[in-house]
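Student: Could we go through this structure together, taking one question at a time?

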Amino acid sequence: MIQAANLGFPRIGIKRELKKATESYWKGEIDYTVLRQVGAELRARHWHLQKDAGIDIIPSNDFSFYDQMLDTAAMVGAVPPRFQPPQDGIRVVSTHQTASAYAVMADVAELSANDAATVDFDTYFAMARGSDAAPAMEMTKWFDTNYHYIVPEFHEGQTFRLASTKALDEFSEAKALGIHTRPVLIGPVTFLSLGKAKDANLDPLSLLDALLPIYAEVLASLAAAGADWVQIDEPILALDLNDRQKAAFKTAYAALSSAGVKILIATYFDELGRNLDIVRPLPVDGLHADLVRAPQQLDAVLKAWPWERVLSLGVIDGRNIWRADLEKAFATIGTAIAARGKGGVQIAPSCSLIHTPVDLDAEQKLDAELKSWLAYARQKLTEVAALKTAATNCKDAVAWAFEESAAAVASRAGSARINNPAVKARADAVSEKDLDRGASFKERQAQQRERLNLPAFPTTTIGSFPQTEAVRKARAAFKRGEMDAPSYDAFLMTATEDAVRKQEELGIDVLVHGEFERNDMVEYFGEQLSGFAFTQSGWVQSYGSRYVKPPIIFGDVSRPHPMTVAWSSYAQSLTKKPMKGMLTGPVTILQWSFVRDDQPRSETCKQIALAIRDEVSDLERAGIPIIQIDEPALREGLPLRHSDWEVYLAWAVDCFRLAAAGAGPETQIHTHMCYCEFNDIMPSIAALDADVISIETSRSDMELLESFSDFKYPNEIGPGVYDIHSPRCPHTHDMSALLGKAREHLAPDQIWVNPDCGLKTRRWEEVLPALKNMVAAAREARGS
């Protein structure tokens with residue numbers, strides 16, 4: 001029997017209800033009972049939505065108040081010692097008196113009749129965001145997406161315990177609503193592989209035997225509650241695995257196969273490749289394969305996967321917003337059915353839909369043509385259901401869906417809005433000369449130091465300052481037409497001058513204008529570039545309560561007019577200190593947008609780079625001495641297979657250089673990167689040839705600098721000493737300690753002092769004391 005399945009649904013809510021409730025809880029405006037009610041309402045709404053769309057297999061436990069990896073860490077009791085009360089080492093609460101984070105999430109009054117060791121809401125959120133007493137856990141990108149996950153921490157002597165019944169509670173919650181679900185878990189091998197050992201000689205995979213009994217207990221509890229299938233996500237099967245990881249899969253699923261439920265292993269983001277040989281002999285009952293990112297793997301999967309086991313076909317794109325070509329997807333399904341019959345075939349999105357917005361129907365301002373080309377999560381479920389009906393019966397039963405799909409495909413392919421011959425000709429004419437700054441780093445460094453005259457350990461920030469409620473209200477009023485342009489500009493000028501004066505008072509050496517005119521570091525630029533479109537409700541989760549609204553790149557990209565020069569020039573006119581011009585780099589604009597899929601991504605990136613190059617030239621002509629071209633997504637864009645890295649890195653580096661090389665040697669080019677490992681791409685980082693690179697290092701305790709030290713990176717570096725994703729205000733001695741560690745890896749004249757990232761999400765009450773302490777730490781370093 002053919003079934004329509006889903007792997008996961010956006011948890012944020014069509015009106016971002018989850019963000020609003022979570023942030024209200026953090027502010028103390030609501031208590032956990034209100035927050036849990038919001039979670040319960042969202043889950044119920046989304047389960048019913050999927051059922052009404054015709055989805056047969058609906059996921060549960062795909063909801064999270066912050067992140068599914070953090071949920072898993074709490075589920076197995078992997079709470080870092082710094083978050084545990086000192087008296088007992090673990091917080092023990094009565095479930096009759098204090099709801100655990102996971103009982104709360106499930107809207108369940110109690111876990112059991114007995115007391116249980118649980119992780120309460122404060123501890124759960126402290127792990128993600130930090131507290132006055134402890135820095136937050138590390139955060140990094142989920143494979144090659146812009147979603148961030150909390151990195152599990154493991155220590156020598158690590159033990160695990162069942163500290164959450166979240167998976168069981170949410171399954172039971174759906175069951176009580178009359179909806180039978182397939183619970184979702186992060187797989188044990190992926191969980192350990194993506195975690196970090198906090199002791200030098202600890203291999204996280206050595207903890208597998210201790211971890212598996214917890215997973216087995218969770219599966220057994222689900223079976224006892226009536227679950228027949230569990231989806232276990234093992235996305236690391238899309239990576240190049242080492243021998244220990246390969247062996248871990250055999251150990252893990254041999255142990256879990258007798259838990260009383262059928263297991264479907266879900267893979268996504270790339271092909272299984274040689275890892276198909278690992279999965280095939282495992283005692284599991286189903287396999288999900290991503291046939292959007294890796295359509296080439298279909299033949300190998302059909303040959304290898306036994307016909308008596310379930311095969312889930314990921315044929316609807318869970319990562320992008322383009323409407324599916326149903327005829328093409330139907331042909332893929334037909335190939336699978338021809339090879340194995342209709343038994344045990346599931347039709348599904350390529351991955352969880354958390355990477356797409358919730359519902360296209362909420363978009364009221366997109367023009368009809370463009371809107372007809374798109375599908376959000378809800379519409380993708382309709383596509384899945386239509387394909388299931390066509391494969392089960394015939395296409396005539398859903399002729400309307402295929403006709404609409406064909407019309408959208410034809411409209412998009414033939415639209416005059418997509419192709420700009422002048423843009424294509426300019427990109428085709430790019431040569432190696434266009435990528436060269438014209439002087440070596442040492443030559444540029446000498447000219448820049450003479451021009452800027454900065455002290456040792458110069459201080460700066462990454463770019464943005466707090467987007468206060470007043471800023472947000474003014475922007476909203478301007479967009480609604482309730483504030484005219486002169487009044488809005490006057491407001492922004494006042495906010496910019498205030499930020500400049502605050503920085504001068506703090507003693508920061510290189511200033512920024514604060515970016516109060518910008519809604520988002522990508523959306524702001526996309527709004528001023530041709531070939532982009534924007535949405536009202538296209539929100540997706542980046543991390544925690546941080547949501548972004550990616551632009552849509554639908555056509556050739558060019559820059560009709562300067563984008564940032566006026567505000568950077570105004571800010572520079574307010575101070576004698578050097579002002580940075582702030583730009584988002586071409587790779588990041590590409591990665592953090594919904595990108596057209598009708599030409600190579602490298603070509604689109606080159607077009608964006610040329611647009612940014614024009615902006616660099618105009619900023620330089622306006623007298624801006626330092627220009628920062630942020631590329632936090634450079635590593636995020638790496639293909640998952642090492643064999644594909646060289647091609648990607650070549651065009652990604654070339655695009656950055658193309659954007660930056662419009663500047664003369666006396667103009668200092670900065671770039672910023674965050675939340676990624678650098679050791680395996682250091683040659684490419686060096687090839688960017690930025691004069692200064694700033695990176696996130698505070699959560700990793702400066703560990704990332706080992707890569708730069710081992711590589712003998714020659715240019716200047718700003719290792720972040722202030723974790724801006726935490727409300728915690730670091731003390732001067734904390735930052736001085738981090739700078740001390742930085743000096744173990746870098747020469748003093750290489751080091752800049754800055755936060756980890758931009759400060760737009762923080763409050764001035766948090767930012768000012770933290771920056772005051774940061775400046776004090778830099779001054780201490782100068783005197784040591």
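Student: In what order do the 8 strands of the open sheet stand, and how are they paired?
Tutor: Keep in mind that this is a predicted model. Its open sheet is built from 8 strands, and the pairing is parallel. Read across the sheet, the order is E1-E14-E13-E12-E11-E10-E8-E2.

Student: Which strands stand at the edges of the sheet?
Tutor: An edge strand has a single partner strand, so one side of it is left without a neighbour in the sheet. That description fits the two strands covering residues 3-4 and 58-60, which are E1 and E2.

Student: Which residue of strand E10 does Leu185 stand opposite?
Tutor: Strand E8, residues 181-186, runs parallel to strand E10, residues 229-233, and 3 bridges join the two. Across this pairing, the residue of E10 that stands opposite Leu185 is Ile232.

Student: What angle does the direction of helix H8 make with that of E8?
Tutor: Helix H8, residues 208-224, packs on the sheet, where it touches E8, E10 and strand E11 (262-266). Its direction, compared with that of E8, makes an angle of about 175°.

Student: How do helices H19 and H21 cross, and is the crossing right-handed or left-handed?
Tutor: The axes of H19 (residues 485-506) and H21 (residues 565-573) come within 10 Å and cross at roughly 45°. That angle makes H19 oblique to H21. As H19 passes H21, the crossing is right-handed.

Student: Which residues of H21 make the contact with H19?
Tutor: On the H19 side the contact involves Asp489, Leu492, Met493, Thr496, Glu497 and Val500. By class, the contact has 6 nonpolar, 1 polar and 2 charged residues. From H21, the residues are Trp567, Tyr570 and Ala571.

Conventions: Residues are numbered from 1 along each chain as its sequence is written. This is a predicted model: local features need pLDDT of at least 70, side-chain atom pairs count only at pLDDT 80 or more; totals for chains, interfaces and linings use all residues. Side-chain values use heavy atoms; hydrogens and water are left out. Axes are lines fitted to C-alpha atoms, for helices over the stretch in contact, and angles run from 0 to 180 degrees between N-to-C directions. Helices (H or I, at least four residues) and strands (E, at least two) are DSSP runs, numbered from the N terminus. Angles under 35 degrees count as roughly parallel, over 145 as roughly antiparallel, 65 to 115 as roughly perpendicular and the rest as oblique. A crossing is left-handed if the near helix is turned anticlockwise from the far one by less than a right angle, and right-handed if clockwise. Contact means heavy atoms within 4.5 Å. Ala, Val, Leu, Ile, Met, Phe, Trp, Tyr, Cys and Pro count as nonpolar, Asp, Glu, Lys and Arg as charged, and the others, Gly among them, as polar. Two strands pair if DSSP finds at least two bridges between them.
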